[in-house]
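This report describes how side chains of opposite charge, and rings, meet in one protein chain. Please keep the sequence and the structure in view while reading.

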Amino acid sequence: MIEEEIQTIDQRKQRIQAVRDYSDLRLDTYLMLAFPVASRGIVQRLIRQQEIIVNSKGTKPNYRLKKGDIIDVHWPEPKPAKAQPEDIPLSILHEDESLLVVNKPAGLVT
């Protein structure tokens with residue numbers, strides 16, 4: 001378990017200082033424990049984009065933390081999801097002013 005206190009610098013920046021040697025953990029694994037809502041893929045992408053740096057330098061997801069290392073995390077502004085319309089042929093079985101019955105193909109998410 002992570003013992004460190006996460007210091008919030010501002011709304012999008014946080015800092016952690018390792019209080020012990022974590023050479024048994026990769027940086028991405030350590031950050032998943034520190035920030036349980038972040039997936040490993042997101043953490044790895046942020047490390048590669050240098051949004052997460054260790055000791056003021058870019059690093060790799062497999063970096064092994066040492067006692068005293070300072071991790072700076074910048075959470076970028078979330079990008080809004082853009083829904084894209086698709087032309088999906090649907091079989092309409094019944095339609096009136098208050099009801100629509102559609103024969104939806106298997107596998108189509110609704």
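Four salt bridges are present in the structure, which is a predicted model. Three of them are set out in the table below, with the separation of the N and O atoms.

| Salt bridge | N to O distance |
|---|---|
| Arg 12 and Glu 77 | 3.2 Å |
| Arg 15 and Asp 72 | 2.5 Å |
| Asp 28 and Arg 40 | 3.2 Å |

**Arg 12 and Glu 77**

The side chains of Arg 12 and Glu 77 meet in a salt bridge. This pair links distant parts of the chain, 65 residues apart. Arg 12 is found in the loop between strand E1 (7–10) and strand E2 (13–17), while Glu 77 is found in the loop between strand E6 (70–74) and strand E7 (91–95). Arg 12 counts as partly exposed, because its relative accessibility is 23% and the partly exposed class lies between 20% and 50%. Glu 77 has a relative accessible area of 58% and is therefore exposed, as the cut-off for that class is over 50%.

**Arg 15 and Asp 72**

Asp 72 forms a salt bridge with Arg 15. Asp 72 belongs to strand E6 and Arg 15 to strand E2, so the pair ties together parts that are 57 residues apart in sequence. How do strands E2 and E6 pair? They do so in the antiparallel sense, over five bridges. Arg 15 has Asp 72 as its bridge partner in E6. Thus a strand bridge and a salt bridge both join Arg 15 and Asp 72.

Strand E6 also has three bridges to strand E4 (residues 52–54), and these two strands run antiparallel. Here the bridge partner of Ile 53 in E6 is Asp 72. Is Asp 72 buried or exposed? With a relative accessibility of 15%, Asp 72 counts as buried, because the cut-off for this class is under 20%. Arg 15, by contrast, is partly exposed, with a relative accessible area of 34%.

**Asp 28 and Arg 40**

Asp 28 and Arg 40 also form a salt bridge. Asp 28 lies in helix H1 (residues 27–34) and Arg 40 in helix H2 (residues 40–48), so this pair ties together parts that are twelve residues apart in sequence. The relative accessible area of Asp 28 is 0%, and Asp 28 is therefore buried. Arg 40 is partly exposed, at 34%. Which residues are linked with Asp 28 in a network of salt bridges? Arg 26 and Arg 40 are linked with Asp 28 in this way.

**Aromatic pairs**

The count of aromatic pairs comes to two. In one, the rings of Tyr 22 and Tyr 30 have centres 4.9 Å apart and planes at 65°, so the pair is edge-to-face; the cut-off for this arrangement is over 60 degrees. Tyr 22 is buried, with a relative accessible area of 1%, and Tyr 30 is buried, with a value of 0%.

Phe 35 and Trp 75 form an aromatic pair that is also edge-to-face, at 5.1 Å centre to centre and 80° between the planes. This pair links distant parts of the chain, 40 residues apart. Phe 35 lies in the loop between H1 and H2, and Trp 75 in the loop between E6 and E7. Both Phe 35 and Trp 75 are buried.

How values were computed. Residues are numbered from 1 along each chain as its sequence is written. This is a predicted model: local features need pLDDT of at least 70, side-chain atom pairs count only at pLDDT 80 or more; totals for chains, interfaces and linings use all residues. Side-chain values use heavy atoms; hydrogens and water are left out. Helices (H or I, at least four residues) and strands (E, at least two) are DSSP runs, numbered from the N terminus. Buried means under 20% relative accessible area, exposed over 50%, partly exposed in between (1.4 Å probe, protein chains only). Rings of Phe, Tyr and Trp (its six-membered ring) pair if their centres lie within 6.5 Å; planes under 30 degrees apart count as stacked, over 60 as edge-to-face and the rest as tilted. Two strands pair if DSSP finds at least two bridges between them.
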